[in-house]
Each structure stands twice: as C-alpha cells, then as structure tokens.
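Colleague: I'd like to go through this model with you before I take it back to the bench. Put it up and I'll ask as we go.

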Amino acid sequence: MTKPKLATCSLTGCFGCHMSLLDIDERILELVELVDLDVSPLDDKKTFDQPVDVGFIEGGCSNEYNIRELKEFRKHCRILVSVGACAINGGIPAMRNTVGLRECLEAVYLNGTSLEGDGLIPNDEDLPLLLDRVYPSHEVVKIDYFLPGCPPSGDAIWEGLKALLTGRVPALPYLLCKYE
Ligand code: SF4
C-alpha cells in the first residue's frame, strides 16, 4: 500500500524544530511505518518529483532563496504546516525587522565588536539576496495549519503529524500547547 508522503524544510531558523521532530524517540519507528519521507534535510532529497501529502515548514523567509523554496513547497504539498515561532511570526531572526537592512548589515560587518573582518559587507553574487525584513510563512504563501512553540515539543509534532497523516483535523490537547 502506498504510504502518505511528508516533506520538511528549514528556511531561516535554527534547525531546533527538526530536532524536535526527531525527539519523538522510539515513535520514529512508527513514523517510518506511517509515512515516506520526500524532500527534507533529513534525507537530503532536494527537489520534488511528485506531489506530497504534508509539508512541514521550519523558519521564516529572510532571503530570496527562502521565498523560492517556500513557494516550491506550496506548489507540491497538499497540506502545509508552519512549525514553530520562526515560521509563524519570524521568531528570533525577525528581531532584525526593528532596524533597516543596511543598518543591520553595518552593525554586523562594519561596526560589530565580535568580528574581525575585512571591513566589507559581503556582496558575492552566489549569496542569496537578503529581503528587507524577515517574513512569516503565511505572508508569502497560504498555510493550512500552525504548530506553535520554540520549538513545538516532540509530542506536539507527533500528535499533529499523526492526525494529518490519518486524515483527521489536528486538535492538540491544552498541555501540548501550553508554554511557561
Ligand atoms: S522556532 Fe525556535 S526551535 Fe524552531 S527554528 Fe525557530 S528558533 Fe529554532
């Protein structure tokens, strides 16, 4: 029997949400039975060659590469889930939204005290172009579900994922969405 397919990506984040996905411990064996992994940093598959049932987005969009990748996920994933604070509201990377991009680059590369650089702002054409600010995923594409947390716990990810993969609407119990 064909299994549903899961794709995951990490845009501008810290990979902590992916670590949390792996933090489901022995249930990872159940996950392997339940789903086929498609595009993901976990298996290093980089391009879609078929539609995918569920896509997990970690991280917000801080550069043009993130925008391209997010749009590819929207095009190929039937259900798209924003996982974690960075995908949902930009998270810590969005702290740069309080200053202009130029000011931010100057603070890091020209005026920073922690970097011994060559006094230049990197400008290599191979570097992805930075956006004016960090955008949450839903400001770029339509997102079907939001899984909050920084990161969401392995239990929350497991419950949400299991519901989506078995055709149920995720309804996480209060304790899985409570943060202190
Ligand atoms: S939400 Fe938290 S854990 Fe997830 S990528 Fe952002 S900073 Fe990392």
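Colleague: Where does aspartate 44 sit?

Modeller: Aspartate 44 is in the loop between strand E2 (36–37) and E3. Those labels are DSSP runs numbered from the N terminus: helices are H or I with at least four residues, strands are E with at least two. Bear in mind that this is a predicted model, where local features need pLDDT of at least 70, side-chain atom pairs count only at pLDDT 80 or more, and totals for chains, interfaces and linings use all residues. Residues are numbered from 1 along each chain as its sequence is written, and side-chain values use heavy atoms, with hydrogens and water left out.

Colleague: What is the phi of aspartate 44?

Modeller: Near 65°, a positive value in a residue other than glycine. Aspartate 25 has a positive phi too, about 55°, and isn't a glycine either. Aspartate 25 belongs to the loop between H1 and helix H2 (27–34).

Colleague: Why does aspartate 25 count as partly exposed?

Modeller: Because its relative accessibility is 47%. Buried means under 20% relative accessible area and exposed over 50%, with partly exposed in between (1.4 Å probe, protein chains only). So 47% puts aspartate 25 in the partly exposed class.

Colleague: What makes a space a cavity, as opposed to a pocket?

Modeller: On a 1 Å grid over the protein atoms alone, a cavity is a set of points where a 1.4 Å probe fits but cannot get out, while a pocket is an open set with protein on both sides within 12 Å along at least five of seven lines. Lining residues have an atom within 4 Å of a point. The structure holds one cavity of 30 Å³ or more; the largest cavity has about 70 Å³ of space. That volume is the space filled by probe spheres set on the points, which are joined across faces, edges and corners.

Colleague: Which residues line the largest cavity?

Modeller: Among them are Thr8, Cys17, His18, Phe56 and Glu58. Strand E1 (5–10), helix H1 (16–22) and strand E3 (52–58) each give two or more residues.

Colleague: How many residues of each class line the largest pocket?

Modeller: Eleven nonpolar, one polar and three charged. Ala, Val, Leu, Ile, Met, Phe, Trp, Tyr, Cys and Pro count as nonpolar, Asp, Glu, Lys and Arg as charged, and the others, Gly among them, as polar. About 440 Å³ of space lies in this pocket, and helix H5 (residues 101–110) gives the largest share of its lining, six residues.
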